[in-house]
Structure formats: structure tokens, C-alpha cells
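Please take the learner through the reading of a protein model, one feature at a time. Each turn should set out the idea and then turn to the case at hand.

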Amino acid sequence: KLSAMHPFRAYNLLRAASRYTQDELLRCLRALHGLDVSGKTAGTLDLNSLEGALLDLCGRAREGGAPRA
């Protein structure tokens, strides 16, 4: 919740999120949600899938997101 965060932290979070398009954010959230559901269903989390998703997200952040049209 942004209102509960320190203002500087909220600013940095919003600034970082602005590097992604809405479609990219939704794709990432859906991927993480799928990992969460499959981990809960199977009773164990596939660490390789989680690692791949996190590396993809971190790599996208380092690249500065997709160029804006």
C-alpha cells in the first residue's frame, strides 16, 4: 500500500514501475501468479521456474524496460 510507505520509497517504486508498460506489468504479475498457484497446488514451489521469472524481471529492469512508442 503506497500510503503506508515512506514517501521516498513510494516515489522510487512508482519511478521504477514507470519503466514498464501496463501490458508488461500484467504479463509479469500473471507469470508470478501462475507460479504461486502451481506452488500451492503441488505443495512445493518449482525453484527453477521462480528463478527464471525473477531473472527475467530483473533483466528487464536493468534494460530500462521496452522503448516507448
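The dialogue below concerns this predicted model.

Q: What secondary structure does the chain have, and in which order do the elements run?

A: One begins by listing the elements. The secondary structure here comes to 3 helices and 0 strands, and from the N terminus the order is α-α-α.

Q: How far may the coordinates be trusted, and where is confidence lowest and highest?

A: Where pLDDT is low, the predicted coordinates should not be read in detail. For this chain the mean pLDDT is 79, with 83% of the residues reaching 70 or more. Confidence is lowest in helix α3 (residues 47-63), where the mean is 75. It is highest in helix α1 (residues 7-17), at 88.

Q: What share of the residues is buried, and what share of the accessible surface belongs to carbon and sulfur atoms?

A: A residue counts as buried when its relative accessible area is under 20%. Of the 69 residues in the chain, 14% meet this condition. The accessible surface of the chain is about 5600 Å², and carbon and sulfur atoms account for 61% of this area.

Q: How does the span of α2 stand against the expected value?

A: The distance from the first C-alpha to the last is set against a rise of 1.5 Å a residue. Helix α2, with 21 residues, reaches 30 Å, close to the 30 Å expected. Just after α2, Gly43 takes a positive phi of about 80°.

Q: Which residues of α2 are buried, and where do they lie around the axis?

A: The buried residues of α2 are Glu24, Cys28, Leu35 and Gly39. Because these residues cover an arc of only 40° around the axis, they lie on the same side of α2. The other side of the helix carries exposed residues, among them Gln22, Leu29 and Lys40.

Q: Glu24 has a charged-type name in that list; is Glu24 buried or exposed, and what does its side chain meet?

A: Both the accessibility and the polar partners of such a residue should be examined. Glu24, in helix α2 (residues 22-42), has a relative accessible area of 11% and is therefore buried. A polar atom of its side chain lies 2.8 Å from the backbone nitrogen of Thr21.

Q: How many salt bridges does a search of the whole structure find, and which side chains meet?

A: The search finds 1 salt bridge. It joins the side chains of Asp36 and Lys40, with an N to O distance of 3.2 Å. Because Asp36 and Lys40 are 4 residues apart in helix α2, about one helical turn separates them. Asp36 is partly exposed, at 36% relative accessible area, whereas Lys40 is exposed, at 64%.

Q: Where is Ser18 placed, and which backbone atom lies by its side chain?

A: A loop residue is read in the same manner, by its place, its accessibility and its contacts. Ser18 lies in the loop between α1 and α2 and is partly exposed, with a relative accessibility of 45%. A polar atom of the Ser18 side chain lies 2.6 Å from the backbone oxygen of Arg15.

Methods: Residues are numbered from 1 along each chain as its sequence is written. Side-chain values use heavy atoms; hydrogens and water are left out. Helices (H or I, at least four residues) and strands (E, at least two) are DSSP runs, numbered from the N terminus. Buried means under 20% relative accessible area, exposed over 50%, partly exposed in between (1.4 Å probe, protein chains only). A polar contact is a pair of N or O atoms within 3.5 Å; within protein, one must be able to donate a hydrogen and the other to accept it, and residues adjacent in sequence count only if both atoms are side-chain atoms. Accessible areas come from the Shrake-Rupley method with a 1.4 Å probe; for residues, only the protein chains shown count as cover. The expected span of a helix is 1.5 Å times one less than its number of residues. The arc is that of the directions from the helix axis to the C-beta atoms. A salt bridge is a side-chain nitrogen of Lys or Arg within 4 Å of a carboxyl oxygen of Asp or Glu. pLDDT is the predictor's confidence in each residue, from 0 to 100.
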